[in-house]
Amino acid sequence: MRNPYTGAIAGVAGVLLLSALPAAQSTTARSPWKYYPMERAIGDGGPAPKRDLTGTWAGPGSGAAVARGKSETPPPLTPLGKQLYERNKPIGKYSPGGTNDPHSRYCDPFGFPQNMTQEIRGMTFTTLPNRTFILLQYMDVWREVWTDGRTLPANVGGRGRDALDPKYNGYSVGHWEDDYTFVVDTTGLAEETWATKSGYPHSVDAHVQERFHRDSRNDLTLTITMDDPKLYTRPFSLGEEHFRWIPNQQLDEFTCIPSQVQQYLKELGDPAGSDPSAARQPN
């Protein structure tokens, strides 16, 4: 069953299996259709190629022993931000039976920026002359980053004839700041999604910046910041994630399946109830 509630059990089993069979893996034939986490690149691989992120990268949830990054550090909320934050009930505090997280309850998309900090198993970069695509393993999501010099739209969510609709992944533009740092700016996010797993909200006008820095041939660091004056008193960090180069460029499929989540909630999650005394600690 591929859903967030069985992931911990599956992960423990996978670690035990991988740790028990490293020798066997080194002597058996490799399938070109399978990704072997323990075959990840060793060492830094030498200098990074200039202005190139192309290929597939393993994230901290991949089973490839990628280092965990840093979590978000939200600043104080504005009155509106506090009001929206207090409506959200993350699974970590309210349990499967008490959460109203759209992803945990219905497999709704995380949306950006949460899909870059949660369930980070792997991602692929592919580049065209005028844009870069970021393909995320979890939920088979793809993001479109324009690199043709356009600016971010300023009329998302309005009522005018030329207004654009908010999107789960927003509208993104990117550029190379130097030979090893690719910067992506995004706005126009669908307001029904959460900025973080812990329930912090965002507005449609939030401006999120990602900095993908290729530390070496085999190592990539992503740092994310968000500026949303409607809901927060100042810009803040949404965290840092690390990635490792995948030698054979294969990703396993991993997704949230609505029918399985509904079965889980019906049989286990909802009957277990929630903790009504769970106290939120808003900023």
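This is a guided walk through the fold, its packed interior, its empty spaces and a few unusual backbone spots.

Let us begin with the model as a whole. The structure is a predicted model, so please keep the confidence values in mind as you read along. The protein chain has a mean pLDDT of 88, and 87% of its residues reach 70 or more. Two stretches call for caution. Residues 1-26 have a pLDDT below 50, and in the model this stretch makes 27 contacts beyond near neighbours in sequence. Residues 278-283 also have a pLDDT below 50, with 20 contacts in the model beyond near neighbours in sequence.

On to the architecture. The protein chain holds 6 helices and 9 strands. Of its 283 residues, 42% are buried. If you take the contacts in the chain with a separation of 6 or more, 65% of them join residues 24 or more positions apart. One pair to look up in your viewer is I257 and D108: they are 149 residues apart along the chain, yet 9.8 Å separates their C-alpha atoms. I257 sits in the loop between β9 and α6, and with a relative accessible area of 25% it is partly exposed.

Now step inside. The largest nonpolar core has 30 residues, and within it M116, M123, F125, F212, L220 and M226 touch the most other members. Several strands feed this core: β2 (122-128), β3 (131-136), β6 (181-187), β7 (207-214), β8 (219-227) and β9 (236-245) each supply at least two residues. M123 makes a good vantage point here. Leaving aside neighbours within four places in sequence, M123 is in contact with G55, T56, W57, M116, I134, L135, L136, F212, L220, F243 and L251. Three residues on that list, M116, F212 and L220, are also named with M123 among the core members that touch the most others. Apart from this core lies another one, made of 8 residues, including Y138, C256, V261 and Y264.

A helix worth a visit is α4. Which residues of α4, spanning residues 91-98, are buried? They are I91, Y94, P96 and G98. The buried residues of α4 pack against two other helices, α5 (102-106) and α6 (258-272). S95, which belongs to helix α4 as well, is a different case: at 21% relative accessibility, S95 counts as partly exposed, because buried means under 20%.

S95 also brings us to the backbone. Most residues other than glycine have a negative phi, and most peptide bonds are trans. Against that background, S95 stands out with a positive phi near 70°. E119 is not a glycine either, and its phi is positive too, at about 50°. E119 lies in the loop between α5 and β2 and is partly exposed, with a relative accessible area of 24%. The loop between α5 and β2 also contains P113, and the peptide bond from F112 to P113 is cis, with omega near 10°.

Finally, let us look at the empty space. Rolling a probe the size of a water molecule over the atoms shows where empty space is left. How many cavities of 30 Å³ or more does a search of the whole structure find? It finds 1, and the largest cavity has a volume of about 30 Å³. Its lining is formed by N115, Q118, E119, I120, R121, G122, L136, Q137 and Y138. Some of these names are familiar by now: E119 is the residue with the positive phi of about 50°, L136 is a contact of M123, and Y138 is a member of the 8-residue core. By type, the cavity lining divides into 3 nonpolar, 4 polar and 2 charged residues.

Open space is found as well. The second largest pocket encloses about 240 Å³. It is lined by 13 residues, and E144, K167, G170, Y171 and S172 lie nearest its centre. Strands β4 (141-146) and β5 (171-178) each supply at least two residues of this lining, and β4 gives the most, with 4 residues. The lining of this second largest pocket divides into 5 nonpolar, 4 polar and 4 charged residues.

Terms used. Residues are numbered from 1 along each chain as its sequence is written. This is a predicted model: local features need pLDDT of at least 70, side-chain atom pairs count only at pLDDT 80 or more; totals for chains, interfaces and linings use all residues. Side-chain values use heavy atoms; hydrogens and water are left out. On a 1 Å grid over the protein atoms alone, a cavity is a set of points where a 1.4 Å probe fits but cannot get out, and a pocket is an open set with protein on both sides within 12 Å along at least five of seven lines; lining residues have an atom within 4 Å of a point. Grid points are joined across faces, edges and corners, and a volume is the space filled by probe spheres set on the points. Ala, Val, Leu, Ile, Met, Phe, Trp, Tyr, Cys and Pro count as nonpolar, Asp, Glu, Lys and Arg as charged, and the others, Gly among them, as polar. pLDDT is the predictor's confidence in each residue, from 0 to 100. Contact means heavy atoms within 4.5 Å. Buried means under 20% relative accessible area, exposed over 50%, partly exposed in between (1.4 Å probe, protein chains only). A nonpolar core is a set of buried Ala, Val, Leu, Ile, Met, Phe, Trp, Tyr and Cys residues joined through side-chain atoms within 4.5 Å.
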